[in-house]
Structures are given as C-alpha cells and as structure tokens.
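Trainee: Please take a close look at one helix contact, and then set beside it the other parts of the fold that can be described residue by residue. I would like a single connected account.

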Amino acid sequence: MPIDAFRKVSQAPTNPTPGASTRAGFDVADLYRGPLGDASGAPAPEAGPRLDEKLRQAYFWIVNSAILSPYYDIEYLDEPPPTFTFGDTKAKLTLPTAQSYSSFVLLPLLNLAVRRRCLLVGGPGRGKTASAILMGVLSGYSLREVKRAIQHGQPQMTITDLLGNPLPKDLVNADSADDIRVAWRKWLGMRVKIIDEYNRIPTRTQSALLTVMGDNYAEVYDQIYECPEAAWYLTANDDAGGGTYDVIEALRDRIDVVVKALHFNTRFLGELLERIEAGVKPEEIVPASIVFTEHELERMSREVLAVSVPREIRRRLEMFASQFELCESAAAQFEYRTKDTLKLSGVDWHMVTSRETGKDKVSDIGSTTRNGLSVRALMTSLVFVKAMAYMRGDASVSLEDVRQILPFVLHDKLVPDHDSPFFDAGDNAALRVDRISWIRRLFDLSCVDYDRRDLDRDDPVGELGDELRLGLEGVPEAAVRARLVKIERLLRQESQARKLYGPTFDDVLALKSMHQRYTNYLRWLRWKT
C-alpha cells in the first residue's frame with residue numbers, strides 16, 4: 001500500500017445530516033463571532049472545516065490509519081437496532097444505527113479539546129503511549145518534541161528529575177533561596193503533557209506532580225514556574241494497585257477521565273503487516289490538515305463550553321448525582337448523614353451501614369457505592385458531556401451524550417460496594433468487574449425513577465428554587481410568608497414517606513436552605529419597616 005494512502009483524511013461532512021452542506025447547521029463558533037472576528041479579538045477563522053468537523057476528521061484518521069481500534073463501544077441509535085445474543089451467558093451485541101465511536105480514540109481527543117486530564121489504562125503494548133503521542137502531534141508539536149517531553153515514571157524519579165535542577169553555581173554562591181535560578185524542564189511549558197506509567201513515580205514526587213496538574217505551577221527552591229493550560233495524558237499498565245507505588249488519593253482525584261485500552265482484534269493483523277512492509281509509523285505521517293494550532297485549541301475549548309445543557313438534561317443529572325451521598329446511620333445531625341462523614345470517621349463501613357434496615361437495597365442504587373460525587377467530579381462531567389455534543393456537531397447536550405460519557409468520567413470517582421445485594425440480583429454480577437456498564441446501568445435506573453416521579457412536569461422543589469433565583473429585591477412580606485408556608489408544606493409531605501432516599505435527602509436540605517434565605521430576608525424587611 002502506498003504511504004499516501006495512510007495520509008488520507010475523511011471528506012467533510014463526516015457526520016452528515018439530511019440537507020446539510022459543509023458549512024450548514026449550527027456552528028458554536030458563531031456564538032463568539034461578530035462581523036470582524038470572535039469575541040477574543042482574534043480574526044475571523046480562515047476558510048476550511050469547522051473545528052468540530054476538524055475534530056471528527058482527526059478521529060476518523062486515527063481509527064482508519066493510526067490506531068487500529070475497530071470497536072464502537074460508545075453507541076448511538078436513531079432507530080431500533082438489530083441485536084444478537086451469543087454464548088451461554090446470552091451476551092448481547094447491538095449494531096448502532098447512528099454514528100458511534102471507539103472510546104479509546106474518542107476520549108483522548110475530547111480531552112484535547114477541553115484541556116483536562118486523561119488516564120489511559122491497559123496492558124503493555126496496547127497503544128496507550130502511542131495514543132498520547134498522537135495527541136501531542138495533533139497539537140502542533142513535532143514528533144521529536146513530543147517524545148523528548150514524555151516523563152517516564154520510574155522508582156528513582158526525584159522532584160528535580162521531574163521539574164528541573166537548580167543551577168550549581170547559584171547553589172554555591174546564593175545568599176538566599178531567592179538567588180537560586182532553576183533550569184526548568186521544557187515539558188512544563190507544553191500544551192500537551194504526557195506522564196508514562198505514573199504509578200511508578202515515588203510518593204514524594206507524586207506530590208510535586210499533583211501541584212503541576214492541579215494548580216498549573218511548579219516549585220523548586222521557592223522558585224515558581226507558571227505552566228500554561230494543557231491537556232494531560234497519563235498511562236498505567238495496572239491502575240488497581242499494580243504499580244511500584246500506590247498513587248496518592250489527591251492525585252487520583254485530579255484525573256478527569258479514564259480510558260481502557262481494548263484488546264487487538266486479530267482479524268486486523270493484515271493491516272499491521274502492511275505498515276511493517278511500508279515502514280509506516282502513524283505518528284510520523286499525521287496529515288497537516290488535522291493538526292490544530294494553539295489559537296484553534298483555545299477557540300475549540302471556548303466553543304465546547306458554549307454548548308448548552310437543557311434544563312431537563314441537567315435535572316436528570318442532578319437526580320442521578322443525588323442518589324449516592326446519603327448514609328442515614330452515619331450521624332445524628334441531618335446534614336451530616338453522608339458517606340463522607342462515615343469515611344472520615346474511620347469506623348468500619350459494614351458496622352455502620354448494617355444498621356440501615358428495611359430499604360430495598362437492590363432497587364436503591366445508592367447502596368451500590370461507598371461514596372458520593374464531589375463538586376470536581378460533577379463539573380468535569382458537565383464539561384465532557386458538552387464536549388461529546390460538540391464532537392457530534394450539536395448545539396446542546398442530549399440525554400444519550402450524558403449516558404455514554406458519564407461512565408468514563410466517573411470510572412474512578414464512584415467506589416463500588418461489591419458486597420451490595422444489587423450485584424447479586426439478576427445479571428448484575430458482571431457489573432462488579434465492568435465499571436463502565438455498571439455506572440451506565442445506574443444512570444438508566446435513575447432515569448426510570450425520574451420518569452416515575454414525572455419530574456419534568458411536577459417538580460415543586462425545582463419551581464421554588466427557580467423562584468428564589470429570580471432574587472428577593474422588591475418581594476413583599478406577604479409573598480415571603482406564602483413561600484415559607486409552601487416550603488413547610490412540602491417538607492411535611494416529604495416526611496410522610498416511610499423511607500429516606502438520596503434524592504429526597506437533597507430536596508429536603510435544599511428546602512431548608514430556601515427557608516433560611518426567606519427567613520433572613522423577612523427579618524430584614526421587618527427591620528427596614
């Protein structure tokens with residue numbers, strides 16, 4: 001096969017819709033673009049495909065010519081799909097009817113678009129580092145620059161190995177730490193940062209890495225290096241304790257999305273042979289048309305954030321997130337009845353949770369986890385579902401975008417309780433191992449609960465919250481009293497339920513917060529008059 005065949009880029013549009021042309025349809029860049037350019041003062045973009053189109057072209061070039069990943073585990077449907085079952089376990093195979101994607105290629109690209117932190121997990125030789133290198137080349141760096149900037153984790157790595165060395169002359173002659181200059185490592189200034197086998201880095205050096213990842217600066221001998229916003233790619237052969245060192249919890253929490261390397265399908269061995277015979281290395285032949293400039297990466301990040309999240313989608317995400325934090329037996333104070341309280345106490349998990357009786361722990365999806373979701377996890381979820389919608393060329397996030405992407409963001413955020421009766425029910429046993437399917441199943445069950453409650457049409461707590469968000473200025477005393485009565489009536493209704501579940505827990509605390517806001521405002525009104 002001629003080498004030019006490996007450089008072929010898919011023709012736009014790569015995700016056509018009926019009646020669409022190359023430039024037709026919604027372009028999120030239009031939200032920033034005026035008659036003279038975009039809102040940042042940059043000139044109007046040159047002719048060519050939109051950035052979401054360019055992102056899709058990069059995806060299809062990678063799956064067709066770079067990383068052989070013939071898997072479509074992120075499935076979209078626009079009509080009922082054909083399904084087939086195989087084996088004794090009746091494993092179901094679905095043929096997607098709309099454009100679908102390989103997570104191993106898609107998630108690193110979305111991470112590039114939003115400049116977050118991606119962990120690639122899998123056995124040696126499965127393409128984790130190769131995928132990260134491609135992201136660096138797509139960002140406009142030369143292959144030599146990318147390879148030299150990779151930080152290879154190893155047990156002897158020190159903080160100065162990672163960040164840079166103080167100049168020997170300054171160490172000898174300096175009167176204070178302020179006089180010591182540091183020769184900073186060049187990778188700190190790059191827009192794509194790659195840490196290979198991060199779980200082989202010593203604990204003390206991991207803390208220095210955490211500072212760079214979390215706060216975008218490096219510190220050696222009181223000298224500070226400010227790092228630019230960057231897309232991070234970390235790799236690990238085994239992220240379940242198989243590294244040389246345990247990864248500190250704070251560093252793991254900074255990882256935004258987890259992607260697993262899928263196995264190689266041996267039916268594609270012929271393609272590997274063609275590459276060997278042609279002497280082709282995909283990272284050396286990346287087409288120039290899919291390489292992003294620094295300005296394009298910045299603009300693409302802004303365009304992703306401009307994608308809207310409809311209220312009904314946000315409410316379903318709120319409902320899902322509210323399922324996990326409640327632990328009734330963790331405290332006496334109502335607000336403290338959370339799994340976080342139990343974790344911080346150091347008391348044995350099962351000794352406390354065994355006192356919660358009477359609930360159906362098979363249908364209560366909150367019983368399947370040992371923790372709730374942090375603010376950081378929820379913010380990251382919102383960013384990546386926006387990125388998924390952007391990748392598909394949509395102006396707003398769909399329910400399927402949330403359903404497909406959420407499991408990859410929450411993969412290391414939700415800690416399963418493998419002793420939960422949920423995993424012993426029906427065909428749920430496999431979900432102990434398959435976290436992606438487990439989280440997706442939980443989201444589906446939460447959506448069923450959402451529909452059962454008819455929250456799109458009957459959400460009194462949400463209506464009261466919307467009313468409060470309009471502000472209190474000019475609201476008369478009579479209206480305030482009426483709202484207080486309504487809040488207390490709702491609380492009385494909720495208290496009639498025999499069991500307390502996560503969504504009700506959050507609703508009750510939200511109502512208490514509203515009640516306090518109105519109470520304080522009413523007191524101020526009385527003082528004023």
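Mentor: A crossing of two helices is called left-handed if the near helix is turned anticlockwise from the far one by less than a right angle, and right-handed if it is turned clockwise. In this predicted model, the crossing of helix H1 and helix H2 is right-handed. H1 covers residues 51–66 and H2 covers residues 103–114; their axes come within 10 Å and cross at roughly 145°. On the H1 side, the residues that meet H2 are Leu55, Ala58, Tyr59, Ile62 and Val63. Their counterparts in H2 are Val105, Leu106, Leu109, Leu110 and Ala113. By class, this contact comprises 10 nonpolar residues, with no polar and no charged ones.

From this helix pair we may turn to the sheet. Five strands make up an open sheet with parallel pairing, in the order E4-E7-E10-E3-E11. Its edges are strand E4 (151–152) and strand E11 (257–260), each of which pairs on one side only. In the order of the sheet, E10 stands between E7 and E3.

Strand E7 (residues 192–196) and strand E10 (residues 231–236) pair in the parallel sense over 4 bridges. Within that pairing, Ile194 stands opposite Tyr233 of E10, and Ile195 has Leu234 as its bridge partner. E3 also runs parallel to E10, to which 5 bridges join it. Here Leu119 has Leu234 of E10 as its bridge partner. Leu234 is thus a bridge partner of both Ile195 and Leu119.

In a regular strand, side chains alternate between the two faces of the sheet. In E10, Ala231, Tyr233 and Thr235 point one way, whereas Trp232, Leu234 and Ala236 point the other way. Since 6 of the 6 residues of E10 are buried, this strand is largely enclosed by the rest of the structure. Helix H7 (residues 203–215) lies across E3 (117–121), E7 and E10, and runs at about 145° to E10.

Burial can also be followed along a helix. Helix H19 (residues 502–528) has 27 residues and reaches 39 Å from its first C-alpha to its last, close to the 39 Å expected at 1.5 Å a residue. Its buried residues include Gly502, Pro503, Thr504 and Phe505, and further along Tyr518, Tyr521, Leu522 and Leu525. Val508, Leu511 and Met514 are also buried. Among the elements that cover the buried residues of H19 are helix H11 (311–321), helix H16 (435–453), helix H17 (460–469) and helix H18 (477–494).

How values were computed:
Residues numbered from 1 in each chain as written. Predicted model: local features only at pLDDT ≥ 70, side-chain atom pairs only at ≥ 80, totals over all residues. Heavy atoms only, no water. Helix = DSSP H or I, 4+ residues; strand = E, 2+ residues; numbered from the N terminus. Expected span 1.5 Å × (residues − 1). Buried < 20%, exposed > 50% of the residue type's maximum accessible area, 1.4 Å probe, protein only. Contact = heavy atoms within 4.5 Å. Axes fitted to C-alpha atoms, helices over the stretch in contact; angles between N-to-C directions. Nonpolar A, V, L, I, M, F, W, Y, C, P; charged D, E, K, R; others polar. Pairing = 2+ DSSP bridges.
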